[in-house]
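Biologist: I am new to this structure and would like a close look at a single part of it, the nonpolar core. Please set that part in the context of the whole protein as you go.

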Amino acid sequence: MGLTLSEKILSAHLVEGEMIKGTEIGLRIDQTLTQDATGTMAYLEFEAMGVPRVRTERSVAYIDHNTLQNGFMNMDDHRFIASVAKKHGIYFSRPGNGICHQVHLERFGVPGKTLIGSDSHTPTGGGIGMLAMGAGGMDVAVAMGGGTYYITCPKIVKAELTGKLQPWVSAKDVILEMLRRLSVKGGVGKIIEYTGDGVKTLSVPERATITNMGTELGATTSIFPSDEITYEFLKAQGREDAYTPLSADEDAVYDEIIKIDFSKLVPMAACPHSPDAVKTVEEIGRMKIDQVCIGSCTNSSLMDMLKVAHILKGKTVHPDVSLSIAPGSKQVLTMLAENGALADILAAGARVLESACGPCIGMGQSPNSGGISLRTFNRNFEGRSGTKDGQVYLVSPELAAVSAINGVLTDPRELGQMPKFEMPEKFLINDNMIVEPAKESEMDGIEVLRGPNIKPFPISEPMQKDIAAGVSLKVGDNITTDHIMPAGAKILPLRSNIPEISKYCFAVCDESFHDRALEMGSSIIIGGSNYGQGSSREHAALAPLYLGVKAVITKSFARIHMANLINAGILPMTFANEGDYDKIEADDDLKIENIRDQIANGDKVVVKNITKNFEFECNISFSNRQKDMLYAGGLLNYTKNTNK
């Protein structure tokens with residue numbers, strides 16, 4: 001029996017466990033990446049481990065999230081990350097060089113290698129055949145120190161692509177179709193592996209769009225084969241030596257098969273407020289729009305920008321529409337400037353932003369009150385845009401550009417014949433915004449620069465015998481990390497200051513949560529299904545840790561957030577009987593007795609509701625390593641204990 005592509009890479013990097021689906025396996029990690037919204041904490045954790053220099057093949061620190069330098073905090077964090085990177089063997093991508101996933105694809109990604117990043121859209125690297133996964137900052141810190149990265153051995157889904165996309169139907173429509181079929185929970189515990197004749201019709205940037213938004217499926221990662229198209233992309237980047245041909249065996253066996261006929265796809269949009277609320281443009285109709293934002297790590301490649309420039313050339317943005325465009329990297333922006341496409345974009349009335357995450361992470365360009373915003377981004381969670389009642393639709397660059405001209409949602413197929421857009425034979429290569437680390441012999445002379453906003457990592461304690469705590473918050477299904485720990489220009493600068501950022505914890509759901517949790521001292525959170533979907537931000541676990549949250553009981557968890565809770569020493573459990581969720585209310589007092597023994601002895605934990613005088617069971621599924629981590633009070637304590 002042959003192997004899937006994913007199984008080949010997993011097997012080649014397996015250092016602990018066996019390839020048995022549903023069990024924990026440990027992987028050797030070749031590359032890591034961080035960005036500045038999560039990187040400061042990751043490097044504080046790396047320093048706490050006492051490892052002098054990274055032990056990966058390549059680790060890169062990117063500045064792309066907190067680029068709005070409003071006050072000293074972001075700039076201080078950037079200086080801290082730059083100095084840590086120089087001292088400890090990490091490459092540093094300076095502000096303005098571009099979005100981490102776009103730049104990593106261009107300059108560092110290698111087919112067949114493993115990559116984890118402290119950003120949930122790290123699976124973008126699957127567009128060139130990497131096994132690339134989002135992870136919490138602490139997991140990335142451990143990997144940088146040469147430690148093993150653990151995941152649940154995933155099921156492998158074969159997404160068989162056939163046919164060819166119609167003119168003006170795009171890769172964005174492919175992943176929207178996947179979300180329409182599978183939902184934001186459909187990929188949990190799975191790797192989506194793309195195969196079929198349709199793969200050959202997609203460029204690397206188009207493949208990367210699809211793997212990027214595989215994160216919205218809840219998937220462990222997504223991956224394309226590494227083939228002649230991958231080779232041409234790497235060759236054009238001057239990196240053909242990085243190429244390795246990789247594909248699944250012909251007789252590979254998959255756990256699930258999904259078939260998509262490209263020829264039947266039409267332009268679509270994800271409606272507010274979820275990436276899986278997908279409708280065709282025809283179903284939505286020609287609604288009036290207020291704003292268009294083109295960019296993000298999903299759709300900011302040179303290919304995307306050239307299509308947008310072609311549509312805008314000789315036209316003017318509708319007077320009722322604000323159009324902003326953010327090329328994904330300095331390479332993309334410079335090439336647009338040199339070939340004249342940037343002039344076409346500017347002449348049409350677009351506002352060109354720096355090569356950064358920008359509006360996607362709530363850094364500016366918030367829509368007007370109740371405004372309808374078309375965005376080529378990957379998430380449209382409520383309030384993420386910075387406007388609480390903003391109505392955000394996720395669309396392709398082609399659809400976004402033509403709609404910006406017309407002032408209403410417009411099917412791009414109305415443009416008629418589509419010219420052929422081809423990848424360049426050679427990209428403009430200028431890595432002057434990437435700073436190499438100091439040589440090992442020079443490390444001791446490098447000073448790490450710390451600003452006053454950088455506070456110590458929150459202290460966690462070993463698990464006590466019993467947990468007796470009240471319910472500080474009860475929330476519903478599909479609670480995202482944006483609900484738990486919001487982003488945006490006001491909050492992101494506080495990422496290295498857990499006491500300060502915790503003031504905004506769950507503010508989207510309940511503005512009084514912070515004060516109530518602090519007053520309670522210890523508490524438990526109750527949640528619905530798919531709790532913690534979205535970003536990899538470990539702050540969504542660290543802020544609750546700081547506020548005294550001891551356990552989270554839900555119907556189900558998103559993968560990365562559950563791992564982050566365990567890393568922080570917070571006990572995650574799921575209801576054995578989902579009906580018990582309805583019986584619990586905020587302020588109920590709960591008690592879990594002999595918690596260590598219960599975790600050690602089985603897959604169930606009994607919880608007593610003291611207020612309502614009943615007991616209910618919760619499911620747990622921890623490896624022996626995860627149990628030891630919880631006993632120790634989290635990954636940092638566990639690592640220190642095992643390294644003694």
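Modeller: The protein contains 21 helices and 27 strands. Its radius of gyration is 24 Å, close to the 26 Å that the globule rule gives for 644 residues, so the protein is as compact as a globular protein of that length. The model is a predicted one. Along its principal axes, the C-alpha trace spans about 70 × 60 × 60 Å. Of the 644 residues, 63% count as buried.

Now to the core itself. The largest nonpolar core has 103 residues, and F506, I553 and L571 are those with the most contacts inside it. Helix α5, residues 137–144, supplies the largest share of this core, namely six residues. A second core, separate from this one, has 61 residues, including M303, I311, I345 and Y393.

L571 can serve as a close-up of the largest core, being one of the residues with the most contacts inside it. Leaving aside residues up to four places away in sequence, L571 touches I467, K550, A551, V552, I592, I595, I599, F622 and L630. The wider chain can be described in similar terms: among contacts between residues at least 6 apart in sequence, 77% join residues at least 24 apart.

The outside of the protein is described by area and charge. About 23100 Å² is exposed, and carbon and sulfur atoms supply 47% of that area. There are 64 positive and 78 negative side chains, and the centres of these two sets lie 1 Å apart.

Some loops also have backbone details to look at. In the loop between β13 (268–270) and β14 (278–280) lies H273, and the peptide bond leading from P272 to H273 is cis, with omega near 0°. S183, found in the loop between α6 (171–182) and β10 (190–195), has a positive phi of about 80° although it is not a glycine. Q365 is not a glycine either, and has a positive phi of about 60°; its place is the loop between β17 (351–352) and β18 (372–375). As for burial, S183 has 23% relative accessibility and so counts as partly exposed. Q365, at 18% relative accessibility, counts as buried, because buried means under 20%.

Definitions and conventions: Residues numbered from 1 in each chain as written. Heavy atoms only, no water. Core = buried A, V, L, I, M, F, W, Y, C linked by side-chain atoms within 4.5 Å. Buried < 20%, exposed > 50% of the residue type's maximum accessible area, 1.4 Å probe, protein only. Helix = DSSP H or I, 4+ residues; strand = E, 2+ residues; numbered from the N terminus. Contact = heavy atoms within 4.5 Å. Rg over C-alpha atoms; globule rule 2.2 N^0.38 Å. Areas by Shrake-Rupley, 256 points an atom, 1.4 Å probe, with all protein chains shown as cover. Lys, Arg positive; Asp, Glu negative; His and termini not counted. Charge placed at Lys NZ, Arg CZ, Asp CG, Glu CD.
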